[in-house]
Amino acid sequence: MKKGFLVILSLLFSFAGYANQCNEYWHKENYEKAFTSCKEEAEQGNAEAQYYLAYMYYNGEGVEKDEQEAVYWSTKAAEQGNAEAQYYLVYMYYNGEGEEVDEQEAAYWSTKAAEQGNTDAQYYLAYMYYSGDGLEQDKQKAFYWYTKAAEQGDYLAKYNLANMYYKGDGIEQDKQKAFYWFTKSAEQDNADAQYHLALMYNDGDGVEQDKQKTLYWYTKAAEQGVYRARYNLADMYFKGDGIEQDKQKAFYWYTKSAEQGNADAQYNLALMYSDGDGVEQDKQKAYYWYKKAAYKGNLIAQNNLGLMYDKGDGIEQNKKRAVYWYKESAEKGNADAQYNLAVKYDYGNGVEQDKPLAKKYYQLACEGYSQEACNRLKKIKENQCNEYWYKEDFENFEKAFTPCKVEAEQGNAEAQYFLAYMYDEGEGIDQDKQKAFYWYKKSAEQGNANAQKNLGNMYYFGNGTEQDEQKALYWYTKIAEQGDAEAKYNLAVTYDRGEGIEQDKQKALYWYTKAAEQGDVNAQYNLAVMYDKGNGIEQNRSLAKKYYQQACEWYHKNACSKLKQLTE
């Protein structure tokens, strides 16, 4: 740790008596009277008077501030061996005050003062040797001068010396001596030393483990604002780690650390709000802190934020944002997020269906010890139908057809869907819409959501079967109730237009709203139009503007145009 210089240095001098007016007025802090007598004595060669005069010039005490005069008189005193003046020169040369920055001169005068026992100079000289700042780096000499300063009571020197012993940095590692010097520095209220001492007690590292002393020193450091100490202290209270569990104190210290930007504290605070654990449940605050932690890269917070968006848990449901946060966490190795993302791609929920990507993320999650992912992956791999299907190219569709047909005939709903799709698209077999319809129906009746969606479309368009908008409506409703945004949109359109059924604007409004909340851009636009025109519902330009805005953000040109008209 680099020690900052004080602009006004402490002066601790022992004198047998005051032999002159310069000294007398100086110690009374009557600088105006001191200036005249000190200047006279300084010009006569008195080193102390020269230093006092330099001080007054530098700080503008009793005379107008003049840094060049301060350097001049400090140099005079320093050349006569005055250690305080020598250290004063270190400060001015290092910072370029009264003179240009000159680290060599700063090092020179620091050495002079240190050799006379000036504690601040010893610390600073140690720092220069340690960092190679103004001097060639020399850890042995840094250790020597840190020891000198530490033995004279400098708390920062004690802390840096402890660090050198702890890490074996330039010297032989010695945890016991590190503990000794951390303790000495901590007892002088050095917050960083208090934190490191707590760590040593907590881990039994270089000292016998002692949770009570851990608590004591974490508390000391936490009260001085060390965010890591606040987080660790909160953890101790939350878990009852060697102390009595106290969720309220855990909440207090998590909050303090979170407010300082600690992502782990932000995550734990969000979790407490989300579960109502030690604090009244508040999903909005949970969302706030999950978001803070997520943007700072906390993987679990990113996944949990994705879950909140996915389920609409205390916030507006948004499948696309759920996918975004799952992906952020998954790409950095979070197995839970990898599994959640795999499910999204597997079923095309909030993202375009992509079976190969689903398989990829199931594999990653399984490798990260997600049992659910391993089970899904096993299901995919245990039959050739799945294996070839997920490769999705024409050659493998041909290979998939036979095993998928066998499994479909055995009642496997997923294989029935695959087989229907191949007949529907002519992938791996000649296109046959009637057979596609047959197998979609088989799969749909077993609850396969993708089959239900495609079956609804076939009934709606009379594709592979006689057109039947009532049955299309039935299957759209089934899949919509399972959360499929596209089905919700299709259902809304059917009610909106009264195609094959009685027109019902209220049901159209209901399903448009549901689809819009999941980010369906066409639903957002149609909903905006209904509110804009008062089409079967009460006109509401404010809501129209809201949904035009949402659709426009996804580059819906008509929505952008309508929004512009409303705002002009």
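How many aromatic pairs does the count come to? The count is 47 aromatic pairs, in a model that is predicted.

**Figure 1. The aromatic pair of Tyr-51 and Tyr-88.** The two rings meet edge-to-face. Their centres lie 5.7 Å apart, with 75° between the planes. The pair links distant parts of the chain. Tyr-51 belongs to helix 3 (residues 47-59) and Tyr-88 to helix 5 (residues 83-95). In sequence, 37 residues separate them. Tyr-51 has a relative accessible area of 1%, so this residue is buried. Tyr-88 likewise counts as buried because its relative accessibility is 1%.

**Figure 2. A cluster of rings around the Tyr-51 and Tyr-88 pair.** Ring pairs join Tyr-51 and Tyr-88 to Trp-26, Tyr-31, Tyr-52, Tyr-55, Tyr-58 and Tyr-91 in a cluster.

**Figure 3. Lysines over aromatic faces.** Lys-247 lies over the face of Phe-238. The distance to the ring centre is 4.7 Å. Lys-320 lies over the face of Trp-554, 5.4 Å from the ring centre.

**Figure 4. The largest cavity and its lining.** Searching the whole structure gives 1 cavity of 30 Å³ or more. The largest cavity holds about 30 Å³ of space. Its lining consists of Asn-20, Cys-22, Asn-23, Glu-41, Asn-46, Glu-48, Ala-49 and Tyr-52. By type, the lining residues are 3 nonpolar, 3 polar and 2 charged. Helix 1 (21-27) and helix 3 each supply at least two of them. Helix 3 gives the most, with 3 residues. One of the lining residues, Tyr-52, is also a member of the ring cluster.

Technical notes. Residues are numbered from 1 along each chain as its sequence is written. This is a predicted model: local features need pLDDT of at least 70, side-chain atom pairs count only at pLDDT 80 or more; totals for chains, interfaces and linings use all residues. Side-chain values use heavy atoms; hydrogens and water are left out. Rings of Phe, Tyr and Trp (its six-membered ring) pair if their centres lie within 6.5 Å; planes under 30 degrees apart count as stacked, over 60 as edge-to-face and the rest as tilted. Helices (H or I, at least four residues) and strands (E, at least two) are DSSP runs, numbered from the N terminus. Buried means under 20% relative accessible area, exposed over 50%, partly exposed in between (1.4 Å probe, protein chains only). A charge sits over a ring if NZ of Lys or CZ of Arg is within 6 Å of the ring centre and within 35 degrees of the ring normal. On a 1 Å grid over the protein atoms alone, a cavity is a set of points where a 1.4 Å probe fits but cannot get out, and a pocket is an open set with protein on both sides within 12 Å along at least five of seven lines; lining residues have an atom within 4 Å of a point. Grid points are joined across faces, edges and corners, and a volume is the space filled by probe spheres set on the points. Ala, Val, Leu, Ile, Met, Phe, Trp, Tyr, Cys and Pro count as nonpolar, Asp, Glu, Lys and Arg as charged, and the others, Gly among them, as polar.
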